[in-house]
Amino acid sequence: MDFKSVIHPLASLIEQSDNIAIVTHEHPDGDAAGSSSALAHYFRHLGKSQVSLIREPLPSTLSFIDPHPTLYGDEAIEALKSADVIFCTDFCDPNRAGGVPGEAIEMSPAKKVLIDHHVGAPLEKFDLAISRTDVSSASELVYFIIKRLLSGLQKEKEFLFSGACGYYLMVGMTTDTNNFACATYSSTLRMASDLVNYGINRDEIISQLYNNYRENRVRAMAFILSERLEIREDGLAILKVGRARRAGEHPAIHRQGESFLVPKGRWECREGLRTLEARLLCPHDGTDLFPRRRARIGIGRKVVYRDGHPGICRN
């Protein structure tokens, strides 16, 4: 992955900065947590006098990623005021910042650096922008950026990528690709292979991410599969999923990437018993919500319909 045009100014900016703040998006997911924690770990390894990780607390299902405390609220606003540089990772709109209001970032006198993989990034708002949409995740971008910054320093790379920094990045990439089910590129596989070779235990990460379930998630899954799933004689599986504000049978699950009955008028289907063709019907009048769309669902796959557009869910 080529960063020739940005790696030198980025290295210079990092070298000149002693007080660094790192911000990610609200309701942090695995990629937000992994990419921001990896950056914080890297800057502390460089011996920076002040590294502020500004992030909302992680949900219980992701708290294993990084148990270290983070800043948010008034403490985070003060940290931004005194920062030399602010790194924004896994989001490109300051209004989506987690732990601080967006205007606190925009009003800070610090230099702003963007590391993001989403489309439509407002590059003009940043002093330095590394924005790529042909990667799986912000964690993948951070991996290759650090790797390039440490070019020629093999022992340094081995030390960082075999420890917490590599662990954070592997978790972030794994969640955003849904364990390589989507948004997986050749560079993604190279990153994963590198980190495994450095000694990162992917089996332990997979166990933490996909073999642990909160009670309310299990109950929601049981409710949907027992009360909302219908398999016709022709093998078509139908999941009837209603709007949260109308569905009184079961409360919505609000963790990002796990909600079953979703507020704000969005529709989702999740977790089939086996790989089946699925159709989404309105529970109130039986209307096929997307008559021209079909999805194949199975355990471990997340197929999501939001605002009329289907796609594999990215946590």
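Q: In this predicted model, which helix does E158 lie in?
A: We're looking at a predicted model here, so treat each value as computed from it. Follow the chain to residues 154-161 and you're on the stretch that holds E158, namely helix 6.

Q: Is E158 buried, partly exposed or exposed?
A: The relative accessibility of E158 comes out at 39%. Buried would need under 20% and exposed over 50%. Since 39% falls in between, E158 counts as partly exposed.

Q: How far apart are the C-alpha atoms of E158 and G199?
A: Along the chain, E158 and G199 are 41 residues apart. In space, the separation of their C-alpha atoms is 9.3 Å.

Q: In what order do the five strands of the open sheet come?
A: The pairing in this open sheet is parallel. Read across its five strands, the order is 2-1-3-4-5.

Q: Which strands stand at the edges of the sheet, and why is one side of each left without a neighbour?
A: A strand with a single partner has one side without a neighbour in the sheet, so look for those. That description fits two strands, strand 2 (50-54) and strand 5 (128-131).

Q: What does the twist average from one strand to the next?
A: The strands in question are the five of the open sheet, with parallel pairing. Going from one strand to the next, the twist averages 15 degrees.

Q: How many bridges join strand 3 to strand 4?
A: Strand 3 covers residues 85-89 and strand 4 covers residues 111-116, and they run parallel. Two of the pairings are easy to point at: T89 has I115 as its bridge partner, and C88 stands opposite L114. The bridge count for strands 3 and 4 is five.

Q: What angle does helix 2 make with strand 2?
A: Helix 2 packs on the sheet, touching strand 1 (19-23), strand 2, strand 3 and strand 4. Comparing its direction with that of strand 2 gives about 175 degrees.

Q: And what angle does helix 5 make with strand 4?
A: Helix 5 (residues 138-149) packs on the sheet too, touching strand 3, strand 4 and strand 5. Its direction relative to strand 4 comes to about 115 degrees.

Q: Is S36 buried or exposed?
A: S36 is found in helix 2 (residues 30-45). Its contacts beyond four places in sequence are I22, T24, L53, R55 and T89. A polar atom of its side chain also lies 3.3 Å from the backbone oxygen of A33. With a relative accessible area of 0%, S36 is buried.

Q: How many disulfides are there?
A: A disulfide needs two cysteine sulfur atoms within 2.5 Å. Take C92, which is buried at 12% relative accessibility: the closest cysteine sulfur, in C88, is 9.8 Å away, so that's too far for a bond. The overall disulfide count is zero.

Q: How many residues does the largest nonpolar core have?
A: Those with the most contacts inside this core are L10, I22, F43, F87 and L169. Looking beyond four places in sequence, L169 is in contact with residues including A38, V142, F161 and M191. A second, separate core has 19 residues, among them V23, I86, A104 and L114. For the largest core, the number is 50 residues.

Key: Residues are numbered from 1 along each chain as its sequence is written. This is a predicted model: local features need pLDDT of at least 70, side-chain atom pairs count only at pLDDT 80 or more; totals for chains, interfaces and linings use all residues. Side-chain values use heavy atoms; hydrogens and water are left out. Helices (H or I, at least four residues) and strands (E, at least two) are DSSP runs, numbered from the N terminus. Buried means under 20% relative accessible area, exposed over 50%, partly exposed in between (1.4 Å probe, protein chains only). A polar contact is a pair of N or O atoms within 3.5 Å; within protein, one must be able to donate a hydrogen and the other to accept it, and residues adjacent in sequence count only if both atoms are side-chain atoms. Contact means heavy atoms within 4.5 Å. Two strands pair if DSSP finds at least two bridges between them. Axes are lines fitted to C-alpha atoms, for helices over the stretch in contact, and angles run from 0 to 180 degrees between N-to-C directions. A nonpolar core is a set of buried Ala, Val, Leu, Ile, Met, Phe, Trp, Tyr and Cys residues joined through side-chain atoms within 4.5 Å.
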